[in-house]
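Let's take a walk through this model together, strand by strand. Have the structure open beside you as you read.

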Amino acid sequence: QVQLVESGGGLVQAGGSLRLSCAASGTVFSFNYMGWYRQAPGKQRELVAAITSGGKTNYADSVKGRFTISRDTAAKNTVYLQMNSLKPEDTAVYYCKGTNGGSVSSSFAYWGQGTQVTVSS
């Protein structure tokens, strides 16, 4: 059974930093795509950042220059999200996703349980 487990969320003041981690277990295959999504209260879940098995990345415009996604070089199904210069509008539940579909948005995917990030002003 494939499981993705996130960690690293918490409460931080505006301008601060957090690092999220996501580790997948139960599979010997490396996901083609891994990504971080977030969902704020009353809003739809949105893609924050994604990374391919080859290390190619893409980011939502709202986080470019502030967030960095990376994958562990040894444990390929472990992904990180370094979040700097956090803003109150970054407050959300952050979810990790892994998929071998054609893109990070593939519906055939595995999701973590989510980790809360709260940024106070």
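## Around β9

In this predicted model, strand β10 (residues 109–111) pairs with β9 through three bridges, and the two run in the antiparallel sense. One place to look is K97, whose bridge partner in β10 is W111. Strand β9 also pairs with β11, again antiparallel and again over three bridges; here A92 stands opposite V117 of β11.

A further partner of β9 is β4, and this antiparallel pairing is made over seven bridges. Within it, M34 faces G98 of β9. With these strands in view, is β9 mostly covered or mostly exposed? Mostly covered: of its eight residues, seven are buried.

## The loop before β10

Between β9 and β10 runs a loop that holds S106. This serine counts as buried because its relative accessible area is 15%, and the limit for that class is under 20%. The side chain of S106 comes to 3.2 Å from the backbone nitrogen of F108. Beyond its neighbours within four places in sequence, S106 is in contact with K97, T99 and G101. K97 is thus worth a second look, as the residue that has W111 for a bridge partner in β10.

## The four-stranded sheet

Now turn to the open sheet of four strands, which follow one another in the order β1-β3-β8-β7 with antiparallel pairing. The edges are taken by β1 (3–7) and β7 (67–71); each has a single partner strand, so one side of each has no neighbour in the sheet. From one strand to the next, the twist averages 15°.

Going across the sheet, β1 and β3 run antiparallel and are joined by five bridges, with S7 partnered by S21 in β3. Next come β3 and β8, antiparallel and joined by six bridges. S21 appears here as well, with Y80 as its bridge partner in β8. At the other edge, β7 pairs with strand β8 (residues 78–83) in the antiparallel sense over five bridges, and F67 stands opposite M83. As a reminder for reading such a sheet, side chains in a regular strand alternate between its two faces.

## The disulfide

How many disulfides does a search of the whole structure find? The search finds one. It joins C22 to C96, with the sulfur atoms 2.1 Å apart. C22 belongs to strand β3 (residues 18–25) and C96 to strand β9 (residues 92–99), so the link ties together parts that lie 74 residues apart in sequence.

The angle about the S-S bond is -80°, and the link of C22 and C96 is left-handed. Are these two cysteines buried or exposed? Both C22 and C96 are buried.

## The nonpolar core

The largest nonpolar core has 26 residues, and the members that touch the most others are W36, L81, M83 and Y94. Two or more residues come from each of β3, β4 (33–39), β5 (46–52), β7, β8, β9 and β11 (115–120).

L81 gives a good view of these surroundings. Leaving out neighbours within four places in sequence, its contacts include W36 and Y94, both named above among the members that touch the most others. L81 is also in contact with L18, R19, L20, V48, A49, F67, T68 and I69. F67 is the β7 residue that stands opposite M83 in β8.

## Two more serines

S120 is in strand β11. Its relative accessibility is 26%, which means that it counts as partly exposed. Although S120 and Q13 are 107 residues apart in sequence, their C-alpha atoms are 4.8 Å apart in space. Apart from residues up to four places away in sequence, S120 touches L11, V12, Q13 and A14.

The other serine, S85, sits in the loop between β8 and β9. What is its phi? S85 has a positive value of about 50°, although it is not a glycine. Most residues other than glycine have a negative phi. S85 also counts as partly exposed, because its relative accessibility is 40%.

Methods
Residues are numbered from 1 along each chain as its sequence is written. This is a predicted model: local features need pLDDT of at least 70, side-chain atom pairs count only at pLDDT 80 or more; totals for chains, interfaces and linings use all residues. Side-chain values use heavy atoms; hydrogens and water are left out. Two strands pair if DSSP finds at least two bridges between them. Axes are lines fitted to C-alpha atoms, for helices over the stretch in contact, and angles run from 0 to 180 degrees between N-to-C directions. A disulfide is a pair of cysteine sulfur atoms within 2.5 Å. Buried means under 20% relative accessible area, exposed over 50%, partly exposed in between (1.4 Å probe, protein chains only). A nonpolar core is a set of buried Ala, Val, Leu, Ile, Met, Phe, Trp, Tyr and Cys residues joined through side-chain atoms within 4.5 Å. Contact means heavy atoms within 4.5 Å. A polar contact is a pair of N or O atoms within 3.5 Å; within protein, one must be able to donate a hydrogen and the other to accept it, and residues adjacent in sequence count only if both atoms are side-chain atoms.
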